[in-house]
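Subject: Structure handover

Dear colleague,

I am passing on the structure we spoke about, and below it I have set out what was found. Please read the notes with the structure open beside them.

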Amino acid sequence: MTGPRTSAQVTDFAAGDGVIGFGPVPQIVFRGREPWSFELWANFDALTDRMDLVTREGEFALQTRSRALWAARTGQPVVLTTDDVLEHHRWYHIAVTFDGFTMTAYLDGRRLGFVTVPDGGVAPTGKPLVLGSGFYGWSTGFRAWNTAVVPAKVYRHQWAPYPAGTPGLIGQVDLTRWPPVDTSGGDLPITPGASGVGPVVLTPAAALGGAASFCDPYNDGSINPGASQWDFSVLAWVNPARLGTSQVIFSNGPVGGPGMRLALESTGAVSLRVGDGETVTSTARLDVGAWTSVACTWSVAAATTTLYVAGEPAGTGYSATGKQSPTGTPVIGGMSDPAARPLPSANFFGSIQSVDVWNRVLTAAEVVRYQTEDPTTDQACVAAWSLTPPLPQNTVTRNPIGIVGDTAVRALATPGTTGEPGMWATCAPTSGTPPTGTLPDAATLDAWVAEFRTRWADLDEVDELADRLRHNLDEVAAQVSAGTFRVPFDLTTERLPDGRTRVLLHAEGQTAVVHEGEFDPCTEWAIWFIIALGGAVYQVFGFGLNLSKVGAGLTNYLGMSLRTPGLVAGLRAAFAAGVTPTAVFDAMQLLWQLGLLMPLIRTLREAATASLTFWTVLSLGGRLLLLFGPSAPLEIALFITELGVAAYNVHNQWTKRPAGCWS
């Protein structure tokens with residue numbers, strides 16, 4: 001175990017001489033009307049007057065010029081340049097395509113500009129194709145084509161990999177592994193420069209840097225370890241920046257009062273005190289600058305505390321309390337002060353990624369398991385405070401987390417090599433299952449496009465986007481007509497003799513039992529309809545789902561989530577006029593606002609048929625933050641055009657709604 005459950009590797013172009021060469025790549029030619037395309041994931045540390053992204057000396061250059069993208073074949077009289085759209089420290093998918101006549105630039109799947117190329121280009125020089133040279137920032141993937149990638153594929157495959165052997169794909173370079181690997185199925189030579197470029201591990205967390213810095217779990221007073229007089233367990237991922245003082249990792253109430261305190265002592269040992277009981281201290285110690293999991297359990301009956309460091313038992317002791325309180329006051333990175341000071345004391349200096357709380361004693365094996373697994377599928381988990389962007393929150397209660405003082409939720413970068421497949425690893429194509437519901441007919445599709453035109457009538461691009469939506473819908477309609485259309489998953493139910501219900505999932509040609517319980521038919525359907533909404537995000541960006549990988553825990557979790565105030569009423573309102581791509585977007589926005597969409601997307605990561613790093617999930621979350629926040633209408637409209645494909649599956653689930661449900 002080397003790091004917390006959410007971390008990923010990227011390639012860091014840390015100096016101006018940082019480059020990765022790919023050899024001459026003779027399959028890509030910059031003369032005449034030969035087509036080509038390049039795609040790159042980038043996050044910029046700097047945006048200087050000129051930074052080379054993709055170049056071949058004497059033939060072609062894709063660059064940033066200040067905050068604009070710039071591209072041209074050498075000597076080209078008309079160059080492609082965009083408006084000033086780039087910002088520091090934000091992930092972008094950049095694409096430039098050439099179809100023989102027109103060179104087009106895309107950012108995050110949206111067309112920014114194009115030029116008609118009048119010149120004849122240049123003859124091959126035999127020089128290598130190069131990524132970098134003056135580029136300061138991070139990258140997770142690069143693709144090169146000897147064909148022009150169409151707009152829909154640019155959008156849908158921003159994160160999703162293409163299968164090895166895809167026609168025209170010359171190289172699909174996974175830059176989340178070191179040395180980088182080509183997953184295109186070809187033999188693209190990859191030669192990293194001797195300096196200025198290398199691997200960096202990114203770990204999102206709350207960085208706490210001051211005496212008044214802490215994280216405040218809003219509205220989570222029901223989380224009350226110690227003072228509730230129930231068994232409890234706490235597991236946290238921490239990275240201390242210094243030792244020498246007592247620093248609280250997590251607390252519930254002031255020291256000596258009702259509750260508990262999990263702390264890092266001046267020596268680097270971990271300690272737990274419950275109420276006014278004895279302090280139990282670990283035998284193992286934490287190192288400054290290193291990520292370590294710390295955990296503690298407390299048994300009411302035995303009045304016994306057990307501490308764990310890095311998953312290993314690190315001390316046991318007696319710890320009893322006679323103090324109770326009906327309401328908890330949980331604090332991450334500090335402790336309520338008995339002197340009634342305005343802010344917590346004994347604040348933590350360093351980084352904390354997560355704090356999880358259970359109302360039972362975890363076994364030693366479970367402590368090891370939940371270092372890397374999502375705890376929310378365990379019904380005894382009452383809090384899973386995730387301090388990761390874009391929405392720090394308790395993913396059990398969906399309550400937000402307040403970020404106070406000199407605290408920032410961001411990605412922490414440390415040198416290292418994980419070797420794990422990442423952003424654009426090769427994936428097998430998904431087959432899905434035949435639909436069992438009613439799919440939309442031609443008249444319904446016409447109505448979907450008309451509704452889209454009405455909603456976005458003020459956009460100059462409405463005709464182009466409506467045509468794109470129509471194309472996407474017709475593409476799926478042709479599959480329906482040919483009998484080849486497949487949904488990512490489908491569900492059936494069986495009534496058991498004892499009155500319970502068994503829910504069967506059918507995906508990828510397999511069947512799995514994902515729930516046995518006493519949910520009523522409406523609740524069963526609502527759970528899977530919400531999963532279809534969450535899964536639509538993955539479908540829009542090219543990922544298939546195999547929900548046989550998701551167990552009953554997700555079903556139970558969503559069953560509890562249905563009690564979220566305003567959820568059912570909001571979904572009922574969104575689909576009052578039936579399912580349309582716009583209604584699906586409105587429903588996703590509601591799930592986002594209620595704090596349900598990101599936990600669902602994180603959980604569904606396990607069911608994606610492609611290899612997904614957590615960073616891919618966070619990148620998706622960042623895009624959704626833009627879409628569901630104060631976004632430009634054009635971004636939303638473009639998303640909805642691609643949502644048309646996924647809306648088929650949502651419609652398929654909607655038509656199986658039990659009579660009277662949400663009426």
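With which residue does R177 form a salt bridge, and how far apart are the closest N and O atoms? The partner is D174, and the closest N and O atoms of the two side chains are 3.1 Å apart. Both R177 and D174 are buried. Please keep in mind throughout that this is a predicted model.

To begin with the overall picture, the protein contains 11 helices and 34 strands. Its radius of gyration is 27 Å, close to the 26 Å that the globule rule gives for 663 residues, so the protein is as compact as a globular protein of that length. The C-alpha trace spans about 85 × 65 × 45 Å along its principal axes, and 58% of the 663 residues count as buried. If one takes the contacts with a separation of 6 or more, 71% of them are between residues 24 or more positions apart. The protein exposes about 24,000 Å², of which 53% is supplied by carbon and sulfur atoms.

Turning to charge, the protein has 42 positive and 57 negative charges, and the mean positions of these two sets are 1 Å apart. Side chains of opposite charge can pair when their charged atoms come close. In this structure there are 29 salt bridges, the pair of R177 and D174 being one of them.

A further group deserves a look of its own, for E494, D498, R500, R502 and E516 are linked in a network of salt bridges. Within this network, R500 forms a salt bridge with D498, where the closest N and O atoms are 2.8 Å apart, and R500 counts as partly exposed because its relative accessibility is 27%. E516 forms a salt bridge with R502, and here the closest N and O atoms are 2.7 Å apart. Since E516 lies in strand 34 (residues 510-517) and R502 in strand 33 (residues 501-507), this pair ties together parts that are 14 residues apart in sequence. With a relative accessibility of 33%, E516 counts as partly exposed, and R502, with a relative accessible area of 24%, is partly exposed as well.

Two single residues may also help you to find your way around the model. The first of these is N43, which has its place in strand 3 (residues 36-44) and is buried, with a relative accessible area of 4%. When neighbours within four places in sequence are left aside, N43 is in contact with H89, R90, W91, F135, Y136, G137 and W138.

The other is P392, which lies in the loop between strand 28 (381-386) and strand 29 (393-394). Is P392 buried or exposed? The residue counts as buried, because its relative accessibility is 18% and the cut-off for buried is under 20%. Not counting residues up to four places away in sequence, P392 touches S386, L387, P400, I401 and V409. The C-alpha atoms of P392 and A205 are separated by 9.3 Å, although the two residues are 187 residues apart along the chain.

With best wishes

Technical notes. Residues numbered from 1 in each chain as written. Predicted model: local features only at pLDDT ≥ 70, side-chain atom pairs only at ≥ 80, totals over all residues. Heavy atoms only, no water. Helix = DSSP H or I, 4+ residues; strand = E, 2+ residues; numbered from the N terminus. Buried < 20%, exposed > 50% of the residue type's maximum accessible area, 1.4 Å probe, protein only. Contact = heavy atoms within 4.5 Å. Rg over C-alpha atoms; globule rule 2.2 N^0.38 Å. Areas by Shrake-Rupley, 256 points an atom, 1.4 Å probe, with all protein chains shown as cover. Lys, Arg positive; Asp, Glu negative; His and termini not counted. Charge placed at Lys NZ, Arg CZ, Asp CG, Glu CD. Salt bridge = Lys/Arg side-chain N within 4 Å of Asp/Glu carboxyl O.
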